[in-house]
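Reader: Could you take one part of this model and walk me through it closely? I'd like to see what surrounds it and how the neighbouring pieces fit in.

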Amino acid sequence: QVQLVESGGGLVQAGGSLRLSCQASGIIFSFSRMGWYRQAPGKQRELVASITNGRTNYADSVKGRFTISRDNAKNVVYLQMNSLNVDDTAVYYCNGFLVTDYWGQGTQVTVSS
(Lines give C-alpha, C1' and ligand atoms only; values in the text may rest on other atoms or scores of the structure.)
Protein backbone atom coordinates (compact mmCIF):
# COMPACT_ATOMS: atom_id res chain seq x y z
CA GLN A 1 0.00 0.00 0.00
CA VAL A 2 1.46 3.33 -1.07
CA GLN A 3 1.50 6.13 1.48
CA LEU A 4 2.74 9.69 1.16
CA VAL A 5 2.76 11.71 4.36
CA GLU A 6 3.52 15.43 4.28
CA SER A 7 4.76 17.55 7.15
CA GLY A 8 6.23 20.98 7.73
CA GLY A 9 3.36 23.26 6.80
CA GLY A 10 2.24 26.13 8.98
CA LEU A 11 1.84 29.86 9.32
CA VAL A 12 4.69 32.15 8.32
CA GLN A 13 5.10 35.85 7.64
CA ALA A 14 5.80 37.12 4.16
CA GLY A 15 9.48 36.87 3.41
CA GLY A 16 9.89 33.84 5.64
CA SER A 17 10.80 30.24 4.90
CA LEU A 18 9.35 26.79 5.41
CA ARG A 19 10.55 23.31 4.52
CA LEU A 20 8.03 20.67 3.60
CA SER A 21 8.81 16.97 3.85
CA CYS A 22 7.08 14.00 2.29
CA GLN A 23 7.76 10.52 3.62
CA ALA A 24 6.95 7.81 1.10
CA SER A 25 6.34 4.14 1.74
CA GLY A 26 5.16 1.23 -0.37
CA ILE A 27 6.55 2.68 -3.59
CA ILE A 28 9.75 2.10 -5.52
CA PHE A 29 10.85 5.56 -4.52
CA SER A 30 14.06 5.82 -6.49
CA PHE A 31 12.21 5.10 -9.75
CA SER A 32 9.41 7.55 -9.16
CA ARG A 33 8.93 11.05 -10.32
CA MET A 34 8.20 12.97 -7.14
CA GLY A 35 6.63 16.36 -6.96
CA TRP A 36 4.83 19.00 -5.00
CA TYR A 37 1.52 20.50 -6.06
CA ARG A 38 -0.57 23.16 -4.40
CA GLN A 39 -4.17 24.23 -4.40
CA ALA A 40 -5.37 27.61 -3.22
CA PRO A 41 -9.04 28.26 -2.39
CA GLY A 42 -11.10 28.56 -5.56
CA LYS A 43 -8.19 27.58 -7.79
CA GLN A 44 -7.10 24.44 -9.56
CA ARG A 45 -4.32 22.28 -8.25
CA GLU A 46 -1.04 23.28 -9.87
CA LEU A 47 2.42 21.81 -10.13
CA VAL A 48 4.96 23.59 -7.96
CA ALA A 49 8.06 21.45 -8.53
CA SER A 50 9.07 17.95 -9.54
CA ILE A 51 12.21 15.86 -9.51
CA THR A 52 13.15 12.78 -11.54
CA ASN A 53 16.58 11.21 -11.73
CA GLY A 54 18.11 14.45 -10.48
CA ARG A 55 16.32 16.61 -13.01
CA THR A 56 14.12 19.30 -11.50
CA ASN A 57 11.26 21.32 -12.86
CA TYR A 58 9.65 24.39 -11.30
CA ALA A 59 6.63 26.55 -11.87
CA ASP A 60 7.64 29.99 -13.07
CA SER A 61 6.08 31.55 -9.98
CA VAL A 62 8.47 29.77 -7.62
CA LYS A 63 11.70 29.66 -9.62
CA GLY A 64 14.59 31.04 -7.61
CA ARG A 65 12.64 30.79 -4.35
CA PHE A 66 11.77 27.11 -3.95
CA THR A 67 14.05 24.09 -4.12
CA ILE A 68 12.95 20.48 -4.43
CA SER A 69 15.25 17.68 -3.36
CA ARG A 70 15.02 14.02 -2.47
CA ASP A 71 16.81 11.50 -0.32
CA ASN A 72 16.31 8.11 -1.94
CA ALA A 73 17.91 6.32 1.00
CA LYS A 74 15.26 7.72 3.33
CA ASN A 75 12.36 7.77 0.82
CA VAL A 76 11.82 11.46 1.49
CA VAL A 77 11.26 14.41 -0.82
CA TYR A 78 11.64 17.97 0.41
CA LEU A 79 10.47 21.38 -0.69
CA GLN A 80 12.48 24.28 0.67
CA MET A 81 10.44 27.44 0.32
CA ASN A 82 12.12 30.82 0.75
CA SER A 83 10.92 34.39 0.28
CA LEU A 84 7.35 33.28 0.76
CA ASN A 85 4.57 35.65 -0.21
CA VAL A 86 0.82 35.66 0.33
CA ASP A 87 0.26 34.14 -3.11
CA ASP A 88 2.01 30.99 -1.89
CA THR A 89 -0.82 30.34 0.57
CA ALA A 90 -2.34 26.97 -0.33
CA VAL A 91 -2.62 23.35 0.61
CA TYR A 92 0.52 21.62 -0.60
CA TYR A 93 0.32 18.03 -1.79
CA CYS A 94 3.07 15.51 -2.27
CA ASN A 95 2.80 13.50 -5.47
CA GLY A 96 4.54 10.34 -6.57
CA PHE A 97 4.25 8.88 -10.04
CA LEU A 98 5.15 5.39 -11.19
CA VAL A 99 2.62 4.11 -13.74
CA THR A 100 -0.06 5.94 -11.77
CA ASP A 101 -0.31 8.96 -9.49
CA TYR A 102 -0.19 8.78 -5.73
CA TRP A 103 -1.11 11.66 -3.43
CA GLY A 104 -0.57 12.69 0.15
CA GLN A 105 -3.28 14.19 2.32
CA GLY A 106 -1.90 17.72 2.00
CA THR A 107 -0.40 20.23 4.40
CA GLN A 108 -1.57 23.81 4.81
CA VAL A 109 0.83 26.67 4.18
CA THR A 110 -0.41 30.11 5.14
CA VAL A 111 1.65 33.22 4.47
CA SER A 112 0.58 36.37 6.27
CA SER A 113 1.36 39.89 5.07
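Author: Let's start with a yardstick: a residue counts as exposed over 50% relative accessible area, as buried under 20%, and as partly exposed in between. Take N53, in the loop between β5 and β6: its relative accessibility is 60%, so N53 counts as exposed. Keep in mind throughout that this is a predicted model.

The part I'd zoom in on is the largest nonpolar core. The core has 28 residues, and the members that touch the most other members are W36, V77, L79, M81 and Y92. Plenty of strands chip in: β3, β4 (33-39), β5 (46-52), β7, β8 (76-81), β9 (90-98) and β11 (107-112) each supply at least two residues. The top contributor is β3, with four residues. As background, nonpolar side chains in soluble globular proteins tend to be buried together.

Some of those strands also meet in a sheet. It's an open one with four strands in the order β1-β3-β8-β7, and the pairing is antiparallel. β1 (3-7) and β7 (66-71) are the edge strands, each pairing on one side only. On average, neighbouring strands here are turned by 15° against each other, direction ignored. Over at the β1 edge, five bridges join β1 to β3 (residues 18-25), and the two run antiparallel. To get your bearings on that pair, find Q3, which stands opposite S25 in β3.

Now back to the core, and to V77, one of those well-connected members. Setting aside residues up to four places away in sequence, V77 touches L20, S21, C22, F29, M34, W36, I51, I68, S69, R70 and C94. One name on that list is I51, so let's hop there, since I51 is worth a look with its 7% relative accessibility, which makes it buried. I51 sits in strand β5. With residues up to four places away again left out, I51 touches S32, R33, M34, T56, I68, S69, R70 and V77. M34, I68, S69 and R70 turn up around both V77 and I51. For a sense of distance, I51 and F31 are 20 residues apart in sequence and 11 Å apart in space, C-alpha to C-alpha.

Another stop is N95, a polar residue in strand β9. Its relative accessibility is 1%, so N95 counts as buried. What does its side chain do in there? One partner is the side chain of D101, in a polar contact at 3.1 Å. The N95 side chain also reaches the backbone oxygen of Y102, at 3.3 Å. Beyond its neighbours within four places in sequence, N95 is in contact with L4, R33, M34, G35, Y37, D101, Y102 and W103.

Two residues on that list, Y37 and W103, have something going on with each other. A search of the whole structure turns up one aromatic pair. That pair is Y37 with W103, edge-to-face, at 5.0 Å centre to centre with 70° between the planes. Y37 belongs to strand β4 and W103 to strand β10 (residues 100-103), so the pair ties together parts that are 66 residues apart in sequence. The two partners differ in burial: Y37 is buried at 18% relative accessible area, whereas W103 counts as partly exposed at 36%.

There's a buried arginine to visit too. R65 lies in the loop between β6 (55-58) and β7, and its 15% relative accessibility makes R65 buried. A polar atom of the R65 side chain lies 2.9 Å from the backbone oxygen of S61. Leaving out residues up to four places away in sequence, R65 touches Q80, M81, N82, S83, L84, N85 and D88. M81 brings us back to the core, where M81 is one of the members touching the most others.

Finally, a word on backbone angles. Most residues other than glycine have a negative phi. N53, the exposed residue we began with, has a positive phi near 50° and isn't a glycine. N75 is another case, with a positive phi of about 60°. N75 sits in the loop between β7 and β8, and its relative accessible area of 24% makes N75 partly exposed.

Definitions and conventions
Residues are numbered from 1 along each chain as its sequence is written. This is a predicted model: local features need pLDDT of at least 70, side-chain atom pairs count only at pLDDT 80 or more; totals for chains, interfaces and linings use all residues. Side-chain values use heavy atoms; hydrogens and water are left out. Two strands pair if DSSP finds at least two bridges between them. Axes are lines fitted to C-alpha atoms, for helices over the stretch in contact, and angles run from 0 to 180 degrees between N-to-C directions. A nonpolar core is a set of buried Ala, Val, Leu, Ile, Met, Phe, Trp, Tyr and Cys residues joined through side-chain atoms within 4.5 Å. Buried means under 20% relative accessible area, exposed over 50%, partly exposed in between (1.4 Å probe, protein chains only). Contact means heavy atoms within 4.5 Å. A polar contact is a pair of N or O atoms within 3.5 Å; within protein, one must be able to donate a hydrogen and the other to accept it, and residues adjacent in sequence count only if both atoms are side-chain atoms. Rings of Phe, Tyr and Trp (its six-membered ring) pair if their centres lie within 6.5 Å; planes under 30 degrees apart count as stacked, over 60 as edge-to-face and the rest as tilted.
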